[in-house]
Amino acid sequence: MGFFLETLFGGLMVGMLYALVALGFVLIFKASGVFNFAQGAMVLFAALAMARFSEWFPQWFHFESKLLANVLGFVAAALCMVAVAWAVERFALRRLVNQEGITLLMATLGIANVLDGGGQLIFGSATYKIDIGMPKDPMLVLESAFEGGLLLNKEDLYAAVAAAALVALLTLFFQKTRTGRALRAVADDHQAAQSIGIPLGRIWVIVWSVGGLVALVAGIIWGSKLGVQYSISLVALKAFPVVILGGLTSVPGAILGGLIIGVGEKLSEIYLGPYVGGGIENWFAYVLALAVLLIRPQGLFGDKIIDRV
């Protein structure tokens, strides 16, 4: 039971990080109707900006405080993501209003390539480090309940808590603020929102900025764990099945989908892997997403769309 709980907790913590990346997809899709294939590139670009600015600021201004370097790096990276959001709205979305969905989809693929190439051009293509002080050593908990206790990774635990806190803040933002209500109105009906004076362009900039900040937090966490390298954008691929499972329009669905996939891939790798040769963790999420598409195409919490002819 102790080993099972260790695996379960590990899956929940990884699942929260998957949910954080998936949240970026859901927020942008809800407000603009765009399935953002550039989310992985945004995570990479944000992580590169954070890593490089936190390295450059001490060199430019001649100080040694790691905390100050990280704070300044975070602010600079956040401003970069807001600038990316403005550029996306100004040069892409504004010119593609009311176009076919496939057109917007291809636009996000172009944005992904621009961010990948721009990140390499501006920040370099080496592997960089983000050091925000998260502990790497494991810890023992519940030693009185289980023989030997449960071994948990402190870094994963802190990362999961940070991701959960951000999700809670975003939920409050969408439910309690005037801007959040405007975002939900745009998500329900673009034309109706425009008819009552909600500026669609400004809303798109805001939601892409929020998506960029979510990508920044996800990039910092994954960059701290794995180092900032171009393969980090592949982490976002795990967010696709999370979004499909939870539903493209559901924030709670993104969270629950991330937890289900995180736990499912860990448990299946441990308990089923030895019987099928291992490697289940790499494809479990996609098989589960395919099964959900066959049974419930809108996902667990997605809106069922019915077109009447």
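# A first look at the helices, salt bridges and surface patch

Right after helix H8 comes Gly227, and its phi is positive, near 85 degrees. What you're looking at is a predicted model, where local features need pLDDT of at least 70, side-chain atom pairs count only at pLDDT 80 or more, and totals for chains, interfaces and linings use all residues. Residues are numbered from 1 along each chain as its sequence is written, and side-chain values use heavy atoms, with hydrogens and water left out. Helices (H or I, at least four residues) and strands (E, at least two) are DSSP runs, numbered from the N terminus.

**Helices H8 and H5**

- Helix H8 covers residues 200-226, and its 27 residues should span 39 Å at 1.5 Å a residue (the expected span is 1.5 Å times one less than the number of residues); the end C-alpha atoms sit 38 Å apart, which agrees.
- H8 is mostly covered, with 21 of its 27 residues buried (buried means under 20% relative accessible area, exposed over 50%, partly exposed in between, using a 1.4 Å probe and protein chains only).
- Ser209 is part of H8, and this serine is buried, at 11% relative accessible area.
- Leaving aside residues up to four places away in sequence, Ser209 touches Val82 and Ala85 (contact means heavy atoms within 4.5 Å).
- Helix H5 (residues 154-176) has 23 residues that should span 33 Å, and its end C-alpha atoms are 33 Å apart, which agrees.
- Among the buried residues of H5 are Glu155 and Asp156, along with Ala159, Leu166 and Phe174.

**Arg52 and its surroundings**

- Arg52 sits in helix H2, which runs over residues 39-61, and counts as buried at 13% relative accessibility.
- Not counting residues up to four places away in sequence, Arg52 touches Phe123 and Tyr128.
- A polar atom of the Arg52 side chain is 2.9 Å from the backbone oxygen of Phe123.

**Salt bridges**

- How many salt bridges does the structure hold? There are 2 (a salt bridge is a side-chain nitrogen of Lys or Arg within 4 Å of a carboxyl oxygen of Asp or Glu).
- Side chains of opposite charge can pair when their charged atoms come close.
- One bridge joins the side chains of Glu55 and Arg52, at 3.0 Å from N to O.
- Glu55 and Arg52 are separated by about one helical turn, because they are 3 residues apart in helix H2.
- Glu55 is partly exposed, with 36% relative accessible area, whereas Arg52 counts as buried.
- Lys66 also forms a salt bridge, this time with Asp131, and the closest N and O atoms are 2.8 Å apart.
- That pair links distant parts of the chain, 65 residues apart: Lys66 is in helix H3 (residues 66-91), while Asp131 is in the loop between helix H4 (101-123) and strand E1 (138-141).
- Asp131 counts as partly exposed, at 30% relative accessibility.

**The nonpolar surface patch**

- A nonpolar patch of about 1,200 Å² lies on the surface, and its residues include Phe3, Leu234, Ile270, Tyr275 and Trp283.
- Patches are made of residues with over 30% relative accessible area and no salt bridge: like charges are joined within 9 Å, nonpolar side chains (Val, Leu, Ile, Met, Phe, Trp, Tyr) within 5 Å.
- Helix H1 (2-32), helix H10 (251-271), helix H11 (273-276) and helix H12 (280-295) each supply at least two residues of the patch.
- Which helix gives the most to the nonpolar patch? H12 does, with 3 residues.
- Tyr275 is placed in helix H11 and is exposed, with a relative accessible area of 71%.

Definitions and conventions
Polar contact = N/O pair within 3.5 Å; in protein donor to acceptor, adjacent residues only side chain to side chain. Areas by Shrake-Rupley, 256 points an atom, 1.4 Å probe, with all protein chains shown as cover.
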